[in-house]
Amino acid sequence: MCAWAAPQPGCHRDIVTLNDVSFSFDGKPVLSHLSFRIQERDFIGLIGPNGAGKSTLLRLIVGLLTPDSGRIELFGAPADQFKERELIGYVPQKNNFNPLFPATVREVVMSGLFGRRKLFRRVTRQDADRCMDALRTMQIEDLADKRIGELSGGQQQRVFLARALISNPQLLILDEPMSGIDAETQQNFFHLIRHMHQKHNITFLMVSHDMEMVRSYLGEEPKETSGKLSFFVRHSHDLEDCAETDLLHTVRKEG
Ligand SMILES: Nc1ncnc2c1ncn2[C@@H]1O[C@H](COP(=O)(O)OP(=O)(O)OP(=O)(O)O)[C@@H](O)[C@H]1O
């Protein structure tokens, strides 16, 4: 990620660019003139105090809010024309469910496959297999037939992570994904996302208050700051190794 450096070739295509983005709620500025770029295979840790605008920034990127001014591009397309929503997995900060909400865990996870266009599509065997893979990854296969509203906050969080994973996204946007999750599950989850970043080309944008975790993976110092926001960044491989790493990825995909 870098503010308006020249685009780089190879595996560093731009996934998200913000150019001079400002946003306010009811006339109160939250983000002012923010510019940054997330490149393929970056892992961005977004840090800042309560109210700094972290969740607002994520919601702008996923299209739930529109900037007052400035431009956002996703995978090279203006955000308001971007159609391939399945490329982006998003887990918002809070997913509090009414205990009576009728959907099962399996249905909630499966809904991650059905964009608006595919809402009434038949569930195929392949969909069901992908659902089981996502449940297994988050270690919640045993909860598949439970009602989502019956689960604890941490269990619900894992369901939403499985839902974000099922469509095989290229960019995962996670808003404090570890909050409400016990220490052991946090460790497993962190191990999993590191693995996804390093071995599966997934780009991450993650809000976290866990400075120890952020520093251990992304380094001691932020690469950039804007207002009260700090961006800690790690690319998944040494930049000079790109050609070789791309080849390895290609071989693996074909093999
Ligand atoms: N829907 C809303 N209407 C009005 N103001 C809002 C709304 N959502 C957020 N805000 C305000 O915008 C500012 C930024 O909020 P945001 O949730 O983005 O902060 P954050 O950095 O994610 O905080 P936290 O660490 O507490 O989650 C805060 O002052 C908040 O009160």
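Across which strands does H1 lie, running at about 120° to S1? In this predicted model, helix H1 lies across strand S1 (14-25), S2 and S4, and its direction makes an angle of about 120° with S1. H1 also lies across S3, strand S7 (171-175), S8 and strand S10 (229-235), where it runs at about 150° to S7. The description below takes up the two sheets in turn, then the ligand shell, the core and some individual residues.

**Overall content**

The protein comprises 7 helices and 10 strands. Of its 255 residues, 33% are buried, and among the contacts with a separation of 6 or more, 72% are made by residues 24 or more positions apart.

**The four-stranded sheet**

An open sheet of 4 strands follows the order S2-S1-S4-S5, and its pairing is antiparallel. Strand S2 (28-39) and strand S5 (77-78) occupy the edges, each with a single partner strand, so one side of each has no neighbour in the sheet. At one of these edges, strand S4 (residues 69-74) pairs with S5 in the antiparallel sense over 2 bridges, and Leu 74 stands opposite Ala 77 in S5.

Strand S1 contains Asp 20, whose phi is near 60°, a positive value in a residue other than glycine. Asp 20 counts as partly exposed because it has 13 C-beta neighbours inside 10 Å.

**The six-stranded sheet**

A further open sheet is formed by 6 strands in the order S6-S7-S8-S3-S10-S9, with mixed pairing. Here strand S6 (88-91) and strand S9 (224-226) stand at the edges, and each has a single partner strand, so one side of each is left without a neighbour in the sheet. On average, with direction ignored, neighbouring strands of this sheet are turned by 15° against each other.

Three strand pairs of this sheet, with their sense, bridges and one facing residue pair each, are set out here.

| Strands | Sense | Bridges | Facing residues |
|---|---|---|---|
| S3 (residues 42-47) and S8 (residues 203-207) | parallel | 4 bridges | Gly 45 and Met 206 |
| S3 and S10 | antiparallel | 6 bridges | Asp 42 and His 235 |
| S9 and S10 | antiparallel | 3 bridges | Ser 226 and Leu 229 |

Helix H6 (residues 211-218) lies across S3 and S10, with its direction at about 40° to S10.

S9 and S10 also form a hairpin with 2 residues between them, and Gly 227 in the turn has a positive phi of about 60°. Lys 228 is found in the loop between S9 and S10 and counts as partly exposed, because it has 13 C-beta neighbours inside 10 Å. Although Lys 228 and Gly 48 are 180 residues apart in sequence, their C-alpha atoms are 5.8 Å apart in space. Leaving out residues up to four places away in sequence, Lys 228 touches Gly 48, Pro 49 and Ala 52.

**The ligand shell**

The residues around the ligand are Phe 25, Asp 26, Val 30, Gly 48, Asn 50, Gly 51, Ala 52, Gly 53, Lys 54, Ser 55 and Thr 56. Gly 48 and Ala 52, which belong to this shell, are also among the residues that Lys 228 touches. By class, the shell has 3 nonpolar, 6 polar and 2 charged residues. Helix H1 (residues 54-61) supplies the largest share of the shell, with 3 residues.

**The nonpolar core and the H5-S8 loop**

In soluble globular proteins, nonpolar side chains tend to be buried together. The largest nonpolar core of this model has 60 residues, and those with the most contacts inside it are Val 109, Ala 162, Ile 173 and Phe 204. The largest share of this core, 6 residues, comes from helix H4 (residues 153-165). When neighbours within four places in sequence are left aside, Phe 204 is in contact with Phe 43, Ile 44, Leu 172, Leu 174, Ile 193 and His 197.

Asn 201 lies in the loop between helix H5 (183-199) and S8. Its phi is near 65°, a positive value in a residue other than glycine, and Asn 201 is partly exposed, with 17 other C-beta atoms within 10 Å.

Terms used
Residues numbered from 1 in each chain as written. Predicted model: local features only at pLDDT ≥ 70, side-chain atom pairs only at ≥ 80, totals over all residues. Near = placed C-beta within 6 Å. Nonpolar A, V, L, I, M, F, W, Y, C, P; charged D, E, K, R; others polar. Core = buried A, V, L, I, M, F, W, Y, C linked by C-beta atoms within 7 Å. Buried ≥ 20, exposed ≤ 12 C-beta atoms within 10 Å, placed from the backbone. Contact = placed C-beta atoms within 7 Å. Pairing = 2+ DSSP bridges. Axes fitted to C-alpha atoms, helices over the stretch in contact; angles between N-to-C directions.
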